[in-house]
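User: I've got a model open and would like to talk it through piece by piece. Could you start with a strand pairing and then work outwards?

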Amino acid sequence: MDETRLAALEARVAALEDQIAIARLMASYGPSVDSLSADLTAALWADDGDYDAGTWPGMAAGTTGVFHGSDALREMVSTDPHQGFVRGGCAHVVSAPRITVDGDTAVAVCYAQLLRRDEATDSYRVWRITANRWEWTRTQAGWKVANRTNRPLDGSEAARELFRDALAGPVR
Amino acid sequence: MDETRLAALEARVAALEDQIAIARLMASYGPSVDSLSADLTAALWADDGDYDAGTWPGMAAGTTGVFHGSDALREMVSTDPHQGFVRGGCAHVVSAPRITVDGDTAVAVCYAQLLRRDEATDSYRVWRITANRWEWTRTQAGWKVANRTNRPLDGSEAARELFRDALAGPVR
Amino acid sequence: MDETRLAALEARVAALEDQIAIARLMASYGPSVDSLSADLTAALWADDGDYDAGTWPGMAAGTTGVFHGSDALREMVSTDPHQGFVRGGCAHVVSAPRITVDGDTAVAVCYAQLLRRDEATDSYRVWRITANRWEWTRTQAGWKVANRTNRPLDGSEAARELFRDALAGPVR
């Protein structure tokens, strides 16, 4: 009987550890990009992980907002427009996530805000807010992002679809 | 002795599970309303749960911002003004909560922001921020909101009172 | 063998409890200061704890934004400029933190926002955003803040340095 109870407890503790570990990594994203820590940022993703940051009306022609793999993520942090945002004062704030773990994969739903310093008004402008879906995979080196997808909360259907899909499953 | 330790561990793990479960549900609120998922939103509440969303100077005459029960919550998501906010681009962001569990009830304190897209300035306006008290009840179907109360952080005493009461107890 | 497994579980549960306890205290900061609860605010810190809130261009001459010890923290909440912010409508929102525990000390990294009501535009202005490092110490009365340091995310190096140091260690 004790064996059964011990094994059950071990499984419950492991489930809690997964929740805390993933939440902790998600809280590392902002401080990593806002301190221009390219390696730490890339290390949040699996080696061949994807980041589809979404598109906005004002984006430079030819840019897609999609980053594939560690090198692309490192470059995202090390180049413009990101460098310009940080040099001008900005904050990438990820909201408290809703995490669902299923074995060795997990899905997290949250918001991400990009706030930028506006000297003229001595304040910050909330420049971007996106609906976020983060897909996680358990690796030898801990949980890593397999895919992160952002969709602008600008009234279009894509963000609602992302939220609905992430809330519904397949990982519940 | 092992029995005592096992039982103690089981209680501690259950307490952690309550914290994580409630935080996870609170992180589901925003994505549910912002994806116009009326059923998911209503399912966060107990069948006869209440949501007192607070009042603001600009509210339409006759409206109270109080929703009682699942049908009212579903309608809140399915009708204006909520539908208009979402179609125009918005985000309901609930901050990381302070949760206190006492047996089969719990109280959570946090902030809720409603940000709305402003095309003219290519950014978002932080339209509303409220002090929140969420009262939770443990049911057969998991934790459900018995009562959520928001009070505008507009300098008036009501928000301070809400925060002070929630920080003080009765559930600590 | 059961002894080994039990002891291992006890350590894992204690580690999770530390994470939840510190996150819960961090979520108490905003509601404490925004409800003018000077005692609750001071009680988050160790008796001789420090709060270096950072400096901003517009600060009154002679002020430093550094508070040392419980009396100074209590006074911070009970006097201007804080009282004026609260009376005019404000919110001190602390983001979901990345917490790292090492024995009886811990480091948490997060963002803090100070939003202030702007009646003219019927909305809130994000007035301040800082990079935060919270150093925690385990006491007889639970986890207490030994030192909290904020640095403005205004494009200057200090905030990036704070984030990089906190992400790197010594407590990882």
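Analyst: Bearing in mind that this is a predicted model, a good place to begin is His92(C), which stands opposite Leu114(C) in β5(C). The two strands concerned, β3(C) and β5 (residues 105-118) of chain C, pair in the antiparallel sense, and five bridges connect them.

User: Is β3 of chain C buried or exposed?

Analyst: Five of the five residues of strand β3 (residues 90-94) of chain C are buried, so the strand is largely enclosed by the rest of the structure.

User: And which residues sit on each of its faces?

Analyst: On one side of β3(C) are Cys90(C), His92(C) and Val94(C), and on the other are Ala91(C) and Val93(C); all of these are buried, so that both faces are covered.

User: Switching to the assembly, what superposes chain C on chain A?

Analyst: Chain C is superposed on chain A by a rotation of 120° with 0.0 Å of shift along its axis, and the RMSD is 0.0 Å. That is the relation of a three-fold axis. The residue of chain C that comes closest to the rotation axis is Ala96(C), whose C-alpha lies at 3.2 Å.

User: What about chain B on chain A?

Analyst: For chain B the operation onto chain A is a rotation of 120° with 0.0 Å of shift along its axis, again with an RMSD of 0.0 Å. In chain B the C-alpha nearest the axis belongs to Ala96(B), at 3.2 Å from it.

User: How many residues are in contact between chains C and A?

Analyst: The contact involves 27 residues of chain C and 34 residues of chain A. On the chain C side, at least two residues each come from α1 (2-34), β4 (98-102), β5, β6 (123-139) and α5 (157-168). Of these elements, α1(C) gives the most to the side that touches chain A, with seven residues.

User: And where do the residues come from on the chain B side of its contact with A?

Analyst: That contact takes 34 residues from chain B and 27 residues from chain A. The elements of chain B that give two or more residues to the side touching chain A are α1, α4 (82-88), β3 (90-94), β5 (105-118) and β6 (123-139), and the largest share, 16 residues, comes from α1(B).

User: How do α1 of A and α1 of B cross?

Analyst: The axes of α1(A) and α1(B), each covering residues 2-34 of its chain, come within 10 Å and cross at roughly 30°. Angles under 35 degrees count as roughly parallel, and α1(A) and α1(B) are therefore roughly parallel to each other. The crossing in which α1(A) passes α1(B) is left-handed.

User: Which residues meet there?

Analyst: From α1(A) the residues are Asp2(A), Arg5(A), Leu9(A), Arg12(A), Val13(A), Leu16(A) and Gln19(A), and they meet a set in α1(B) that includes Leu6(B), Leu9(B), Val13(B), Leu16(B) and Ile20(B).

User: Now a single residue, Leu167 in chain B. What is it in contact with?

Analyst: Leu167(B) is found in helix α5 (residues 157-168) of chain B. Leaving aside neighbours within four places in sequence, Leu167(B) is in contact with Val109(B) and also with Ser28(C), Pro31(C), Ser32(C), Ser37(C) and Leu40(C). Leu167(B) is partly exposed, with 19 other C-beta atoms within 10 Å. As for Arg98(B), which is 69 residues away along the chain, its C-alpha atom is separated from that of Leu167(B) by 8.8 Å.

User: And Arg125 in chain A, buried or exposed?

Analyst: Arg125(A) is buried, with 21 other C-beta atoms within 10 Å, and is found in strand β6 (residues 123-139) of chain A. Not counting residues up to four places away in sequence, Arg125(A) touches Leu115(A), Arg116(A) and Asp118(A), together with Ser123(B).

User: Last one: what does the secondary structure of chain A come to?

Analyst: Chain A has five helices and seven strands, which follow the pattern α-α-β-β-α-α-β-β-β-β-β-α along the sequence. The C-alpha atoms of chain A fill a box of roughly 70 × 35 × 35 Å, taken along the principal axes, and buried residues make up 48% of its 172 residues. Among the contacts in chain A with a separation of 6 or more, 55% are between residues 24 or more positions apart.

Methods
Residues numbered from 1 in each chain as written. Chains lettered and ligands numbered in written order. Predicted model: local features only at pLDDT ≥ 70, side-chain atom pairs only at ≥ 80, totals over all residues. Least-squares fit on C-alpha atoms with pLDDT ≥ 70 in both. Buried ≥ 20, exposed ≤ 12 C-beta atoms within 10 Å, placed from the backbone. Helix = DSSP H or I, 4+ residues; strand = E, 2+ residues; numbered from the N terminus. Pairing = 2+ DSSP bridges. Axes fitted to C-alpha atoms, helices over the stretch in contact; angles between N-to-C directions. Parallel < 35°, antiparallel > 145°, perpendicular 65-115°, else oblique. Left-handed = near helix turned anticlockwise from the far one by under 90°. Contact = placed C-beta atoms within 7 Å.
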